[in-house]
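Biologist: Please take me through one part of this model, a single strand and its pairing, and then show me how the surroundings are put together. I would like the cut-offs spelled out as you go.

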Amino acid sequence: MTHPELKILPWNGYKAAISLTFDDGDPTQLETAVPALSKRGLRGTFFLIANRLKNLEEWKKAAQAGQEIGNHTLDHKHGWALSPAESIEQIAASRQKLEELLGVSTPTFAYPFTEITPALRQTAEKHHFLSRGGYGSVYMPSQNQPDWHYLASQVAFSHTSSGILKGWTDQNIYNHTWSIPQFHAFTGSQAGWQPLSPVKFEDFLDDLVEKQNQIWIGTLGEVGAYWQAQDLLEKTQGNLENGSVIWNWKKPLLMPARTTLKIQLHGAKKVYQKNRLLEPAENGIYTIAFDDEELKVS
Ligand SMILES: [Zn+2]
């Protein structure tokens, strides 16, 4: 057979992708962000500080309902104030503690104050498959791999209008990119940073939901895993064996499980994963399980 052409669709088949992130675990996130998201069937990523975790039961419920929990260190200290040993502890012990307390995996990390140091980066790379940073190119095109351990994000401040927030979505869709807005506290917060009005936030979410057929609203871990899996598979050569072409790859250890990829195969007759025959969707697109580490086409 001729070698079929394998194409992986960026952003899960949508024009663009967005991941909503929330830092510091302020109690107003449980009052505003979590209900606003779940009411619309959306999920975000919440970066919690292990030693400052309040409302444990409510966070557990949110996590069980599908909100993603990320690691935001033990104590949210400034990176420059930490020794190399403390940097390791702040990330490694925090991941362990959050996972024990909440009973979920926390594959993603965010730097406190978006401050990066060599020791923090090295530890983040060892314990997490991606890390969110702060400033940089906030609209990430799928053809250029980003800095996976300092992903740029867009900070929403108290004064950020819902028009600006919606403009971020439009720009992202227009660019066919991935963007990562970053929220902190909401109105009524005791000590949270840059509280945002819930009205603005919900207005932004409603607009996002209206554009849902164009933009993939996935958690940071989901979109990051999709893109890393896509990149890995694109670099994999298919081998011709007994009239079939077989691709084999290895899922990186720290990457979350159950990532699926949307692919197109031109010139393929039958597509298998682990001897399971896959059926294409009506548009000819196959959904493959990255965990299977194998794709066979004949
Ligand atoms: Zn923070």
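Modeller: Let's start with a pair: I263 has Y286 of β18 as its bridge partner. A second pair sits alongside in the description, with L261 standing opposite I288 in β18. Before going on, please keep in mind that this is a predicted model, in which local features need pLDDT of at least 70 and side-chain atom pairs count only at pLDDT 80 or more, while totals for chains, interfaces and linings use all residues. Residue numbers run from 1 along each chain as its sequence is written.

The strand across from β18 is β15, residues 260–266, and the two are joined in the antiparallel sense over 4 bridges. Strands here are DSSP runs of E with at least two residues, helices are runs of H or I with at least four, and both are numbered from the N terminus. Two strands pair if DSSP finds at least two bridges between them.

β15 and β18 belong to an open sheet of 3 strands, ordered β1-β15-β18, with antiparallel pairing. At its edges are β1 (5–8) and β18 (286–289), each of which pairs on one side only. Ignoring direction, neighbouring strands of this sheet are turned by 40 degrees against each other on average. Such angles are taken between lines fitted to C-alpha atoms (for helices over the stretch in contact), and they run from 0 to 180 degrees between N-to-C directions.

The two faces of β18 differ in cover: Y286 and I288 make up the covered face, while T287 and A289 make up the uncovered one. Burial is counted from C-beta atoms placed from the backbone: a residue is buried with 20 or more others within 10 Å of its own, exposed with 12 or fewer, and partly exposed in between.

Helix α7 (residues 220–234) lies across β1 and β15, and its direction makes an angle of about 35 degrees with β15. Y226 is part of this helix. This tyrosine counts as buried because 25 C-beta neighbours lie inside 10 Å. Apart from neighbours within four places in sequence, Y226 is in contact with N12, T259 and L261, where contact asks for C-beta atoms, placed from the backbone, within 7 Å. L261 brings us back to β18, since I288 stands opposite it there.

What, then, does α7 give to the nonpolar core? It supplies 6 residues, the largest share of the largest core. That core has 66 residues, and those with the most contacts inside it are A16, A17 and L48. A core here is a set of buried Ala, Val, Leu, Ile, Met, Phe, Trp, Tyr and Cys residues joined through C-beta atoms within 7 Å. Both domain 1 (5–10 + 224–297) and domain 2 (16–220) give residues to this core, so it lies between them. Those bounds come from an automatic or database domain assignment.

The two domain centres, taken over C-alpha atoms, are separated by 29 Å. At the contact between them, 8 residues of domain 1 meet 8 residues of domain 2. The domain 1 side of that contact divides into 6 nonpolar, 1 polar and 1 charged residue. For that split, Ala, Val, Leu, Ile, Met, Phe, Trp, Tyr, Cys and Pro count as nonpolar, Asp, Glu, Lys and Arg as charged, and the others, Gly among them, as polar.

L48, one of the core residues named above, touches G25, L53, W59, I69, H72 and L98, not counting residues up to four places away in sequence. L48 also falls in strand β4 (residues 45–48), which 4 bridges join to β5 in a parallel pairing. Within that pairing, F46 stands opposite I69 of β5. Strand β5 (residues 68–71) points E68 and G70 one way and I69 and N71 the other, and all are buried.

One last spot may interest you. N275 is not a glycine, yet its phi is positive, near 65 degrees. Most residues other than glycine have a negative phi. N275 sits in the loop between β16 (271–273) and β17 (276–277). With 7 other C-beta atoms within 10 Å, N275 is exposed, whereas Y226 is buried.

Definitions and conventions
Contact = placed C-beta atoms within 7 Å.
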